[in-house]
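Trainee: Could we go through this one together? I'd like to know what backs up each label.

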There are 2 protein chains.
Amino acid sequence: MAAIIPVSFVGAETGTYRVLRMNAVVGEALAPVKAVTSHAVHLPPSALPGAAWVLRGTNSAVRYVERTETEALRAVQPTLGRPQCTHAALIPIRKSDAWWNLSQDERREIFETRSQHIASCLKYLPAIARRLHHGRELGEPFDFLTWFEYSAEHAQLFEELVQLLRTTEEWKYVDWEVDIRLIKNELASS
Amino acid sequence: MAAIIPVSFVGAETGTYRVLRMNAVVGEALAPVKAVTSHAVHLPPSALPGAAWVLRGTNSAVRYVERTETEALRAVQPTLGRPQCTHAALIPIRKSDAWWNLSQDERREIFETRSQHIASCLKYLPAIARRLHHGRELGEPFDFLTWFEYSAEHAQLFEELVQLLRTTEEWKYVDWEVDIRLIKNELASS
């Protein structure tokens, strides 16, 4: 249960998910690709000669979530891999030095007390599955890679969640953000 | 200032620091080596064919330290590399699933409110320099690698600090700990 989950997101010509669109929200763009595939392992770029990019991260212990919030999240959050979830998003984010120089209590204050990151997400989570991966300790270009899965009917709800988070005080510390929207490939080709 | 610092500790026949002793405090022993060298990069084991082991970690943002504690630590903690610090210790630690399944507030409560990890260390820090490296997200066998440097005259003080931490509630969650004591090699050979 406390196991870590390594992941490598590979952008290439072909893959499990077809890219619907890629946007640089803040900072520079990633090289455009047609497809994204996730692998549950840390792959070195040399293992994938055909890849335009490989983004790596690790899902591990929570860093801000408190006990009462853990319980609330558990009660509503779905698992990844639901068959109706044909849509996905990969949102790589980097936070500024100003964020990383804060102490733990200051980051928690901004993250939840002032930005209500967890409280806001709760409303959306029954529809939207997500998993956070940390890349910072790996020396990766992005500090966080968040993966989302949702059904076609919840595409607008997902848009609302993303826009809401981007208006928060927490997001003032985001200095690089790319937004990649995806659709499962068997549907993309039908 | 918010930069991450990657590190690889290499155990081998020769190296910068000579091993005085290696103890498995909890759990299994590491393969015995004569010397340890630290490299400020994440080295793959294949890069070091002569190494008995390579332990990797990353120094990054604090996870429990609050603002007032940050200020108190900054006021007393010395930097690594002081010339009089001929002695060093490398203490790799793994914590149990029971620890990693706790929420952030529960871990902070055990770490500081009940175990006084930071408050206890403050007394020792003017003499003992240290740097914490996280290995968990890297998929390493140890969750933490802490590196300590101190002078010969403070060897007993360091012993006191280590023993104090091992009696805390926090340490009940440590399920693997190896204690490696070292001395700078130019002195070891004199």
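**Chain A, then the interface**

Mentor: Sure, and keep in mind that this is a predicted model. In chain A, take the contacts between residues at least 6 apart in sequence: 77% of them join residues at least 24 apart.

Trainee: What is the pattern of chain A along the sequence?

Mentor: Chain A runs β-β-β-β-α-β-α-α-α-β-β-α-β-α, with six helices and eight strands.

Trainee: Why is chain A called as compact as a globular protein of that length?

Mentor: The globule rule gives 16 Å for 190 residues, and the radius of gyration of chain A is 16 Å, close to that, so the label fits. Buried residues, those under 20% relative accessible area, make up 52% of the chain.

Trainee: What makes the pair B:Glu137 and A:Arg63 a salt bridge?

Mentor: Their side chains meet at 2.9 Å, N to O, and the cut-off is within 4 Å, so the pair qualifies. The count between chain B and chain A is four salt bridges.

Trainee: Which helix gives the most to the side of chain B that touches chain A?

Mentor: That's α3(B), with four residues. That side divides into eleven nonpolar, nine polar and nine charged residues.

Trainee: How much area is buried between chain B and chain A?

Mentor: About 2400 Å², with carbon and sulfur atoms giving 48%. In chain B, the residues losing the most area to chain A are B:Ala2, B:Arg67 and B:Glu137, together 24% of what that side buries.

Technical notes. Residues are numbered from 1 along each chain as its sequence is written. Chains are lettered from A and ligands numbered from 1 in the order in which they are written. This is a predicted model: local features need pLDDT of at least 70, side-chain atom pairs count only at pLDDT 80 or more; totals for chains, interfaces and linings use all residues. Side-chain values use heavy atoms; hydrogens and water are left out. Buried area is the accessible area (1.4 Å probe) that two parts lose on being put together, summed over both. Helices (H or I, at least four residues) and strands (E, at least two) are DSSP runs, numbered from the N terminus. Ala, Val, Leu, Ile, Met, Phe, Trp, Tyr, Cys and Pro count as nonpolar, Asp, Glu, Lys and Arg as charged, and the others, Gly among them, as polar. The radius of gyration is taken over C-alpha atoms; the globule rule is 2.2 Å times the number of residues to the power 0.38. Buried means under 20% relative accessible area, exposed over 50%, partly exposed in between (1.4 Å probe, protein chains only). Contact means heavy atoms within 4.5 Å.
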